[in-house]
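Trainee: I should like to learn how to read a structural model with care. May we work through one together, feature by feature?

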Amino acid sequence: MKILLKKLFVTSFFLTSSVIYGNNFPNKQVNMIIHAGAGGTSDTIARAVGAKLQEQLGVPVISQNKTGGSGAVAMQFVKNARPDGYTIMYMPVEIAMLNPLGVSKVKPDDFTMLAQANMAPASLTIRKDDKRFGTIEEFINYAKANPKKLKVGTAGTGSTWTYAAKELANKYNLEFIYVPYDGGAPATMALLGKEVDFITNTPNEFVSNLDQLNVLGLMEAHPEFPEMKTFKEQGYNIEFSAWGGFAAPKNISPEVKKVLEDNLKEVINAPEIKNLLSQRKIVWEYKDSKDFTNFTNEQYEAFEKLIKENK
């Protein structure tokens, strides 16, 4: 009798596990965790992908904003979530930065990377009425001749765009004064108000003010702004961008991972998602789970090196 009950228990356990973790996935609500506040680039992409993913999966996909700690709050929440596929998140570039910065212990290998969806090249942008420099060469020469005179408006201490400016400084032995603001939009307003001399934000964050700004160079190509030349096109070997994608807790089953990866591939490649990103001047860029995993690990190593050099 005991042996029979034990067999029944084991069978029941594995049947239940297969329903929760794979063979019948999904059969209930999926939660989409978003590290940033409502209305921004990350929130827009995550909610659009979530709505389309809901159609694909046939179950509700509910977006939840969990802000704080430059993304650390959301990442820790998802890291600790049950690895059954019912909790996923929009994974931003900050996953490669928070641990080296000492903000959080989370690392890329704490998660299952499912797919990349977008990227955002950094820029070197000044006001059009600033006649001190009209090219990258003139900017670098001026900065070298005037160390710690130029102020750069950043999206906050430790932000992606702060390190875009630091990468520029390291590459060409320049010294700037870093002025943190609460996001890319306030940094743009500070530039327009002549509080700072330049910004390194991505163009979609200041597209409504382009008539007053001069993009001296992009740190990677932006298909929505083909008229803007990259640093490389102008003879300067520097690349820097932010990016985002989707991830789940570590150790989800191969079956669940395949369902999520396959459906996210369809969603991210759907015309309506591509059109939305184009309308918002956001660069669409898809990578599958394997490539996104390798990419985030490479980015972690790169940011770890860059952050150590700037401590």
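Trainee: In which strand does G245 lie?

Mentor: G245 is part of strand β10. Please keep in mind throughout that this is a predicted model.

Trainee: Is G245 buried or exposed?

Mentor: The term buried is applied under 20% relative accessible area. G245 has a relative accessible area of 0%, and therefore counts as buried.

Trainee: Which residues does G245 touch, apart from those up to four places away in sequence?

Mentor: They are M89, Y90, M91, A115, Q116, A117 and F292. A separate value concerns A46: its C-alpha atom and that of G245 are separated by 8.6 Å, although the two residues are 199 residues apart along the chain.

Trainee: How much of the contact in the chain comes from residues distant in sequence?

Mentor: Among contacts with a separation of 6 or more, 76% are between residues 24 or more positions apart. The chain has 311 residues, of which 51% count as buried. Its secondary structure consists of ten helices and eleven strands, and its C-alpha atoms fill a box of roughly 90 × 40 × 30 Å along the principal axes.

Trainee: In what order do the strands of the open sheet run?

Mentor: The general idea is that strands of a sheet pair through backbone hydrogen bonds, either parallel or antiparallel. Here six strands are arranged as β2-β1-β3-β10-β4-β11, with mixed pairing. The edges are formed by β2 (61-65) and β11 (283-287), each of which pairs on one side only. On average, neighbouring strands of this sheet are turned by 25° against each other, direction ignored.

Trainee: In which sense do β1 and β3 pair?

Mentor: Strand β1, residues 30-34, pairs with β3 in the parallel sense, over three bridges. Within this region, N31 stands opposite T87 of β3.

Trainee: Let us turn to an edge strand. Why does K287 count as buried?

Mentor: K287, found in strand β11, counts as buried because its relative accessibility is 17%, and the cut-off is under 20%. Its side chain makes a polar contact of 2.9 Å with the side chain of Q116, and another polar contact, of 2.8 Å, joins it to the side chain of E285. Beyond its neighbours within four places in sequence, K287 is in contact with L114, A115, Q116, F292 and F295.

Trainee: How many residues has the largest nonpolar core?

Mentor: In soluble globular proteins, nonpolar side chains tend to be buried together. In this model the largest nonpolar core has 54 residues, and F111, F139, L168 and F176 have the most contacts inside it. Elements that each supply at least two residues include β4 (111-121), α5 (136-145), β10 (241-249) and α10 (289-309). The greatest contribution is that of α6, with seven residues.

Trainee: Which residues does L168 touch, not counting those up to four places away in sequence?

Mentor: L168 touches L124, F139, L174, F176, M219, F231 and I238. Apart from this core lies another, of 32 residues, with I34, Y86, F246 and L260 among them.

Trainee: Which residues of α8 are buried?

Mentor: The buried residues of α8 are V256, L260, E261, N263, L264, V267 and I268. The helix itself covers residues 254-268, 15 residues in total, and reaches 21 Å from its first C-alpha to its last, close to the 21 Å expected at 1.5 Å a residue.

Definitions and conventions:
Residues numbered from 1 in each chain as written. Predicted model: local features only at pLDDT ≥ 70, side-chain atom pairs only at ≥ 80, totals over all residues. Heavy atoms only, no water. Helix = DSSP H or I, 4+ residues; strand = E, 2+ residues; numbered from the N terminus. Expected span 1.5 Å × (residues − 1). Buried < 20%, exposed > 50% of the residue type's maximum accessible area, 1.4 Å probe, protein only. Core = buried A, V, L, I, M, F, W, Y, C linked by side-chain atoms within 4.5 Å. Contact = heavy atoms within 4.5 Å. Pairing = 2+ DSSP bridges. Axes fitted to C-alpha atoms, helices over the stretch in contact; angles between N-to-C directions. Polar contact = N/O pair within 3.5 Å; in protein donor to acceptor, adjacent residues only side chain to side chain.
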